[in-house]
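Me: I would like to learn how to read a structure like this one, feature by feature. Can we go through it together?

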Amino acid sequence: MSTETLSAEAPATDETGEARHMNMIEAINSALDVMLTRDSDVTLLGEDIGYFGGVFRCTAGLQEKHGKTRVFDTPISECGIIGVAVGMGAYGLRPVPEIQFADYIYPGLDQLISEAARLRYRSAAEFIAPMTVRSPFGGGIFGGQTHSQSPESIFTHVCGLKTVIPATPYDAKGLLISCIEDNDPVIFFEPKRIYNGPFDGYYDRPAKNWKGREDAQVPDGYYKIPLGKARTVTEGDAMTILAYGTMVHVAESVCREKGVAAEILDLRTLVPLDIEAIEASVKRTGRCLIVHEATRTSGFGAELSALVTERCFYHLEAPVERVTGFDTPYPHSLEWAYFPGPVRIGEAIDKILSE
Amino acid sequence: MATAKDGKGGNRPPLELHVPEPHYRPGDAVDFSHLSIPEPGAQPRPDEACDAKETHHLCDDLIRVLGDDDQAHGPWNPRLSPDTLRTMLREMALVRAFDMRMYRAQRQGKTSFYMKCTGEEATSVCATHALAADDMIFPSYRQQGCLIARGYELEEMINQIYSNKGDKLKGRQLPIMYCSKRLNFFTISGNLATQLPQATGFAMASASKGDSRIAATWVGEGSTAEGDFHSAMTFATVYNAPVIFNVINNQWAISSFSGFAGGERATFAARAVGYGIAGLRVDGNDALAVYAAERWAADRARSNGGPTLIEHFTYRAEGHSTSDDPTAYRSADEQDEWPLGDPVNRLKKHLIALGEWDEDRQAEQDAELDAMVKTAQKNAEKNGILGHGLHHPFHTMFEDVYEELPWNLKEQAEQAIRERAIKWPEGRPKS
Ligand SMILES: Cc1ncc(C[n+]2csc(CCOP(=O)(O)OP(=O)(O)O)c2C)c(N)n1
């Protein structure tokens, strides 16, 4: 994060405040704190988020500061959590429900897909569902198949929902504030593997933390990163790499190690998608690699690949490649054979460059 | 900004949002005298064939058999032989010894995760003894006692916990998510409460085929908030399914006390009333009462009397899992003050009072059980521990997604093996 991009995206105002080091958990906590302070309609609810502050500590201290009726624990019912958030939105609140793990969002799908996502359309905008559903997602923590999934494409397939995935603490805060202020329902997936530090894809090397990184310098106050704007992580001509969440960091480290000057775009929001940035980059580089951790078949990479092919076909010098998780549940012991790590990404880069 | 309509709604009083709060938080002195704990033996025992309504007063009571005098009291005394009592005591102690060693194994980095059931051993071990061996168990994740009571080999359990090459589940599942079709123990899901409608469906199938097997399922009180719980109850009452719902009310769901599942207003057993099925509420730390209640429900289901909901009132004596630190949200005194004592200790004292056991034998048995677990652990470790290379071969990752391997998984399996060769051209280094 350079200061230029900071000022380009979000002009610093008095509200922005001093920047200091935060990991992604602290940045999310700070975004929630800022919004609870600014807007008395913002209400946080979810399993274990109140007194305890959440199993990943993202809401630590917020109940104590903002009170029990604005930050509270819920029954273990994802259908109930999202359903009551629809009702709270109908009253005029801005609920921010947490689903403890993305893998546990499925019991809430009817309320999300048939209700939250459709309220505006079916009531001709008389009722809206201005909620932001936060949930940790993705693998890399030996969580087995029910603490590791990346279900984003289930949601990107639903019209009426927005899907947002940050890759840095700075983005996490600015994007989350935008999501909370957005009048439509947003799924905000937090890549849990990088809560405490960026990940280069090498599970057998010492874990890194966010210390010392520009993108972990987070202003204390209010600032927004607009939805639908990708971030250029590295500039380059060799190829365009489209990624989001944890895989942004893995792709970056692979390119660095291989000495490949790729233009890596961190999509940040899948819906709405920054199609202009994608088109401009691919037309310039003529090559495109898509990287995500989710299973391959009907993954978001399929949508990206179709869009790039439709819009950039005559500029392409090699077929679009996808690097993804395998089409299996996330296995426990073979987690690192499943994960789309440096070897899988490296092979795809070589293949694209050999065309 | 959303505001109250018409200022404050004319002269109508302002509403208030109630958010439950547990009695005690860290540092608070604990006094459980508000809990009404009735005398053992005081609860009537209706006939198994009774109208469901006749059980409903028991939903606000607490079935207890073992008294402070260590004797068995009242009509719910199952009158088990000393041999059966000793077997249940042994298995509960084995569960505890197993939990202690596996917890330590996780702390030593041999696996990723573990969950103890300390204080809740009776609710699985003794309930399983009340079932027939071919009755189908649909467990949640804290029912290692069911498997141990059905004689599952410890080494198999540890192989699963280590996700090693001996693991029958091929290293796919999170530790403790066991499965044993041979022992009629359904595969455990990480997603809460899904097993409840499944148990109902199994019971409906058994009934539709004129079979004699029933189904029993377990769920934490916190998880009864899930829609699946209510679907299961509705189907069970509609089809009079031969199924037993064991709700383990151990007071806590991670950091949320039972009030967040509705426990401030009614008991969990009382949900049986609305669905019109039989309901029992039992002292879950009383091995005899647990056995008796489960046996009552099993006999009722087996004679086409339909489903029973049993609330086992107990206490989660330790953290939720190895990922949890309960001192962050509840008073450390709760466990010591828990008025229903410890299930292992209470059964031990009963057997001693009967003249059928003594402290020396208990100590000997504890040592023997610990040695048994240690041996099983050593043997399992020959098959590897998590993350040290001794796992199932890569291609097994792609099997069982479907019955047959489709083209995409064939290609991906080849890719996984190729990636391994790129990563370790000389084979995986020994660690
Ligand atoms: C559908 C779903 N939502 C949330 C979770 C996360 N989770 C795992 S265990 C647990 C608490 C369950 O408490 P309870 O049912 O009381 O059982 P206990 O752990 O006390 O045995 C939660 C919220 C989950 N596994 N599945």
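Me: Let us begin with the annotated span on chain A. How far apart are the end C-alpha atoms of residues 22–197 of chain A, and what are the helix and strand shares?

Reply: The model is a predicted one. In it, the end C-alpha atoms of residues 22–197 of chain A are 10 Å apart, with 36% of the span in helix and 16% in strand. UniProt, in an unreviewed entry, gives these residues as "domain: Transketolase-like pyrimidine-binding".

Me: Which spans does UniProt list on chain B?

Reply: An annotation of this kind can be inferred rather than shown by experiment. From unreviewed entries, residues 13–52 of chain B carry "domain: 2-oxoisovalerate dehydrogenase E1 alpha subunit N-terminal", and residues 91–385 carry "domain: Dehydrogenase E1 component".

Me: What is the helix and strand content of residues 13–52 of chain B, and what is it for residues 91–385?

Reply: Residues 13–52 of chain B have 0% helix and 0% strand, and their end C-alpha atoms lie 42 Å apart. Residues 91–385 of chain B are 43% helix and 11% strand, with 26 Å between the end C-alpha atoms.

Me: Now the ligand. Where does the ligand lie, and how many residues surround it?

Reply: A residue counts as near the ligand if one of its heavy atoms is within 4 Å. Here the ligand lies between chains A and B, and 20 residues surround it. The closest are Glu78(A), Tyr141(B), Arg142(B), Gly190(B) and Ser223(B). By type, the shell holds seven nonpolar, eight polar and five charged residues. The space that the ligand takes is the largest pocket.

Me: Which side chains have polar atoms close to an oxygen atom of the ligand?

Reply: The cut-off for a polar contact is a pair of N or O atoms within 3.5 Å. A polar side-chain atom of Tyr141(B) is 2.6 Å from a ligand oxygen. For Glu221(B), an N or O atom of the side chain is 3.3 Å from an oxygen atom of the ligand; for His320(B) the distance is also 3.3 Å. The protein buries 95% of the 590 Å² that the ligand exposes when taken alone.

Me: What about the backbone: which residues does a cis peptide bond join?

Reply: Val271(A) and Pro272(A) are joined by a cis peptide bond, with omega about 0 degrees. Pro272(A) sits in the loop between β12 (269–271) and α10 (275–285) of chain A.

Me: And what is phi of Arg79(B)?

Reply: Phi of Arg79(B) is near 50 degrees, a positive value in a residue other than glycine. Arg79(B) is located in the loop between α1 (6–9) and α2 (82–107) of chain B.

Methods: Residues are numbered from 1 along each chain as its sequence is written. Chains are lettered from A and ligands numbered from 1 in the order in which they are written. This is a predicted model: local features need pLDDT of at least 70, side-chain atom pairs count only at pLDDT 80 or more; totals for chains, interfaces and linings use all residues. Side-chain values use heavy atoms; hydrogens and water are left out. Helices (H or I, at least four residues) and strands (E, at least two) are DSSP runs, numbered from the N terminus. A polar contact is a pair of N or O atoms within 3.5 Å; within protein, one must be able to donate a hydrogen and the other to accept it, and residues adjacent in sequence count only if both atoms are side-chain atoms. Accessible areas come from the Shrake-Rupley method with a 1.4 Å probe; for residues, only the protein chains shown count as cover. On a 1 Å grid over the protein atoms alone, a cavity is a set of points where a 1.4 Å probe fits but cannot get out, and a pocket is an open set with protein on both sides within 12 Å along at least five of seven lines; lining residues have an atom within 4 Å of a point. A molecule sits in a cavity or pocket if more than half of its atoms lie within 2 Å of its grid points. Ala, Val, Leu, Ile, Met, Phe, Trp, Tyr, Cys and Pro count as nonpolar, Asp, Glu, Lys and Arg as charged, and the others, Gly among them, as polar.
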